[in-house]
Amino acid sequence: MSPTFTVLTSGNDLRFDAAMRIYREAIDPSEQKPQERLRTLVSNSRYSFLIAEIAGEVVGFASVYIPPTREFWLLEYLAVDAGLRSSGLGSKLFAATIAFADERTGDAPGILEVEKPGAGIGADDPMLRRLAFYNRTGCRLMTGLDYILPPQQGEIPPPMLLLVHGAPQLATVERSALHRWLIAIYGDVYDLPPEDARIARMLAALPERVPLVSLAALL
């Protein structure tokens, strides 16, 4: 059966709890928010949870942040049930998420937080498989940006990358625009102030225009 996609409107919806079971299993613990924090975000107009269902069962979810300016959107989490990985469900959920975001932002670029592959890992490493998936969907890498994901529950997250989806007319992202995006993400998604030192650290070595390049070099 084909999946159906619904946007949750309440954290009290039983489908939220079903999605959280997938969340806890699929997302690295160092990248997980407290469940009650996520529950409050369901009713936040800037943050949306898209639920994938098959035959009435929750089989995946995606969470999307859209700032008031609508100049970009952030895909924070996307995960599917472990038993349905490599079935094409992830691609359908990603496509539904893009359609949802594009309907609200037009042709604004999408931003994705993705773990950075380490040295010496094998071809079966899940991080490489994830990058290969995003490469197939046309995502590109912000060159030179070592993205710092704020710790969520005391654990230090792994090194991260920021990917860009869509906006094929963009060969670069202006550093000033990236600065605005980081302030919005750190503020609305992670409850951190605009003067957080990590933002300046991320931007310090970047040129005025940050090149967007294919992910193929990482694979």
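A pocket here is an open set of grid points with protein on both sides within 12 Å along at least five of seven lines. The model is predicted.

**Exercise 1. The largest pocket**

Task: State how much space lies in the largest pocket, and describe its lining by centre, element and residue class.

Solution.
- Step 1. Take the volume. The largest pocket holds about 960 Å³ of space.
- Step 2. Find the lining. It consists of 34 residues. Leu 78, Ala 79, Arg 85, Pro 126 and Arg 130 lie nearest the centre.
- Step 3. Assign elements. At least two lining residues come from each of α1 (14-26), β4 (73-80), α3 (89-105), β5 (110-115) and α4 (126-136). Helix α4 has the largest share, seven residues.
- Step 4. Sort by class. The lining has 18 nonpolar, ten charged and six polar residues.

**Exercise 2. The nonpolar cores**

Task: Which residues have the most contacts inside the largest nonpolar core, and which helix gives the most to it?

Solution.
- Step 1. Recall the trend. In soluble globular proteins, nonpolar side chains tend to be buried together.
- Step 2. Locate the core. The largest one has 45 residues, and those with the most contacts inside it are Leu 38, Phe 49, Phe 61, Met 142, Tyr 147 and Leu 178.
- Step 3. Name the helix. Helix α5 (residues 175-189) gives the most to this core, with eight residues.
- Step 4. Look for another core. A second, separate one has 26 residues, including Val 59, Leu 78, Val 80 and Phe 133.
- Step 5. Probe Phe 49. Leaving aside neighbours within four places in sequence, its contacts include Phe 16, Met 20, Leu 38, Leu 41, Val 42 and Phe 61.

**Exercise 3. The span of α3**

Task: Check the end-to-end distance of α3 against its expected span.

Solution.
- Step 1. Compute the expectation. The rule is 1.5 Å times one less than the number of residues. For the 17 residues of α3, the span should be 24 Å.
- Step 2. Compare. The end C-alpha atoms are 24 Å apart, which agrees.
- Step 3. Read burial along the helix. The buried residues of α3 include Leu 89, Gly 90, Leu 93, Phe 94 and Thr 97.
- Step 4. Look past the end. Gly 106, just after α3, takes a positive phi of about 70 degrees.

**Exercise 4. Phe 133**

Task: Is Phe 133 buried or exposed?

Solution.
- Step 1. Place the residue. Phe 133 is in helix α4.
- Step 2. Apply the cut-off. Buried means under 20% relative accessible area. Phe 133 has 13%, so Phe 133 is buried.
- Step 3. List contacts. Not counting residues up to four places away in sequence, Phe 133 touches Gly 90, Ser 91 and Phe 94.
- Step 4. Add a distance. Ser 86 is 47 residues from Phe 133 along the chain, and their C-alpha atoms are separated by 10 Å.

Definitions and conventions. Residues numbered from 1 in each chain as written. Predicted model: local features only at pLDDT ≥ 70, side-chain atom pairs only at ≥ 80, totals over all residues. Heavy atoms only, no water. 1 Å grid on protein atoms, 1.4 Å probe; cavity = no way out; pocket = protein on both sides within 12 Å on 5 of 7 lines; lining within 4 Å. Points joined across faces, edges and corners; volume = space filled by probe spheres on them. Helix = DSSP H or I, 4+ residues; strand = E, 2+ residues; numbered from the N terminus. Nonpolar A, V, L, I, M, F, W, Y, C, P; charged D, E, K, R; others polar. Core = buried A, V, L, I, M, F, W, Y, C linked by side-chain atoms within 4.5 Å. Buried < 20%, exposed > 50% of the residue type's maximum accessible area, 1.4 Å probe, protein only. Contact = heavy atoms within 4.5 Å.
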